[in-house]
Amino acid sequence: MLELRKDVFDCITSYALESVAAVNVYNIKQFYNNLPVDPYIKDNYRFRRLSHFKVVEEGLIKLPHRALYQAKKYNPLLGNVVREFAEIEDELIHIKDFQRIILEFFEFCKICSTYTEVAVHQIRTVAYPEKMGNPAPEGIHRDGVDMIGIFAVNREGIEGGETHLYKSKSDNPIFTKILNPGELLVFSDRNLFHFTTTIKALSAENGVRDVFVITCPGLNPEDNKGG
């Protein structure tokens with residue numbers, strides 16, 4: 001496992017893994033209990049919200065509601081589908097720990113992208129006793145953005161959920177790790193593919209994996225239909 005500081009991040013061959021000490025995940029993990037089910041995934045094991053923000057010197061400005069769109073070449077499962085998700089709750093957005101996550105990710109965006117807006121996907125994957133949860137049902141993939149960050153908020157009652165990075169779909173992974181609460185993984189979506197393995201419940205109770213997936217920029221239906 002290789003950990004890199006922002007001052008040596010080269011946007012092509014690098015990725016960064018940080019433990020964001022300034023963030024207390026206990027202040028934000030409760031907001032995953034009120035996520036709407038993702039209607040585009042069968043079996044009701046994924047729950048999701050999505051909001052877009054512009055990053056300015058003073059902090060974050062929430063942008064108007066926007067749908068999510070990925071071209072088929074990036075998402076063979078749900079490509080060419082305009083997807084609508086509920087916005088992230090205002091109470092969560094106003095919490096300093098949430099803002100610190102986004103701003104820490106954006107420090108890498110400033111190195112590798114000219115965009116000043118980000119999309120924040122709040123995602124819960126559930127493992128039921130009789131059924132595993134799949135954080136990446138589209139398989140090994142890229143998203144069609146410049147930069148991606150995965151921040152782990154909570155994992156409870158599960159095994160699995162290991163995140164992988166690849167130089168190509170046919171290569172062995174160059175990074176494999178279960179992300180623990182408080183850890184932020186940042187990488188270039190233009191140069192690396194990513195995937196997360198399925199999660200399995202450890203007992204007769206449901207297990208959960210809660211993350212923020214942050215992209216720079218977001219995926220706008222009007223901007224990406226030709227992609």
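Me: Which cysteine does a disulfide join to C11?

Reply: This is a predicted model, in which local features need pLDDT of at least 70, side-chain atom pairs count only at pLDDT 80 or more, and totals for chains, interfaces and linings use all residues. Residues are numbered from 1 along each chain as its sequence is written, while side-chain values use heavy atoms, with hydrogens and water left out. A disulfide is counted where two cysteine sulfur atoms lie within 2.5 Å. At an S to S distance of 1.9 Å, the partner of C11 is C112.

Me: How many residues apart are C11 and C112?

Reply: The link of C11 and C112 is left-handed, with -85° about the S-S bond. Helices (H or I, at least four residues) and strands (E, at least two) are DSSP runs, numbered from the N terminus. C11 lies in the segment before strand 1 and C112 in helix 2, and the pair thus links distant parts of the chain, 101 residues apart.

Me: Is C112 buried or exposed, or does it fall in between?

Reply: Buried means under 20% relative accessible area and exposed over 50%, with partly exposed in between (1.4 Å probe, protein chains only). C11, at 16%, counts as buried. The relative accessible area of C112 is 21%, which means that C112 is partly exposed.

Me: How far is the sulfur of C216 from the closest cysteine sulfur?

Reply: C109 is in no disulfide, and the nearest cysteine sulfur to its own is that of C216. C109 counts as buried at 0% relative accessibility, and C216 is likewise buried at 0%. The two sulfurs are too far apart for a bond because the distance from C216 to C109 is 3.3 Å.

Me: Which helix gives the most residues to the largest nonpolar core?

Reply: A nonpolar core is a set of buried Ala, Val, Leu, Ile, Met, Phe, Trp, Tyr and Cys residues joined through side-chain atoms within 4.5 Å. The largest has 39 residues, of which I28, F98, V118, V120, F151 and F212 touch the most other members. Among the elements that give two or more residues to this core are strand 2, strand 4, strand 5 and strand 12, together with helix 1 and helix 2. With 7 residues, the element giving the most is helix 2.

Me: How many residues make up the second, separate core?

Reply: F98 is in contact (heavy atoms within 4.5 Å) with I28, F53, L60, I88, L92, I93, V120 and F212, leaving aside its neighbours within four places in sequence. The second core, separate from the largest, includes L68, F85, I123 and L219, and its count of residues is 20.

Me: Which are the edge strands of the open sheet?

Reply: Strands count as paired if DSSP finds at least two bridges between them. The open sheet has 7 strands with antiparallel pairing, in the order 1-9-5-12-4-2-3. Those that pair on one side only are strand 1 and strand 3.

Me: What angle does the direction of helix 2 make with that of strand 12?

Reply: Axes are lines fitted to C-alpha atoms, for helices over the stretch in contact, and angles run from 0 to 180 degrees between N-to-C directions. Neighbouring strands of the sheet are turned by 25° against each other on average, direction ignored. Helix 2 packs on this sheet, and its direction makes with that of strand 12 an angle of about 40°.

Me: Which residue in strand 9 is the bridge partner of I150?

Reply: Strand 5 is mostly covered, since 8 of its 10 residues are buried. Strand 5 runs antiparallel to strand 12, joined by 9 bridges, and antiparallel to strand 9, joined by 5 bridges. I150 stands opposite V213 in strand 12, whereas in strand 9 its bridge partner is L185.

Me: What is the omega of the peptide bond from C216 to P217?

Reply: Most peptide bonds are trans. P217 is placed in the loop between strand 12 and helix 3, and the bond leading to it from C216 is cis, with omega near -5°.

Me: What is the phi of D43?

Reply: Most residues other than glycine have a negative phi. D43, in the loop between strand 1 and strand 2, is partly exposed at 47% relative accessibility. N44, found in the loop between strand 1 and strand 2, has a positive phi of about 55°. D43, which is not a glycine, has a positive phi of about 75°.
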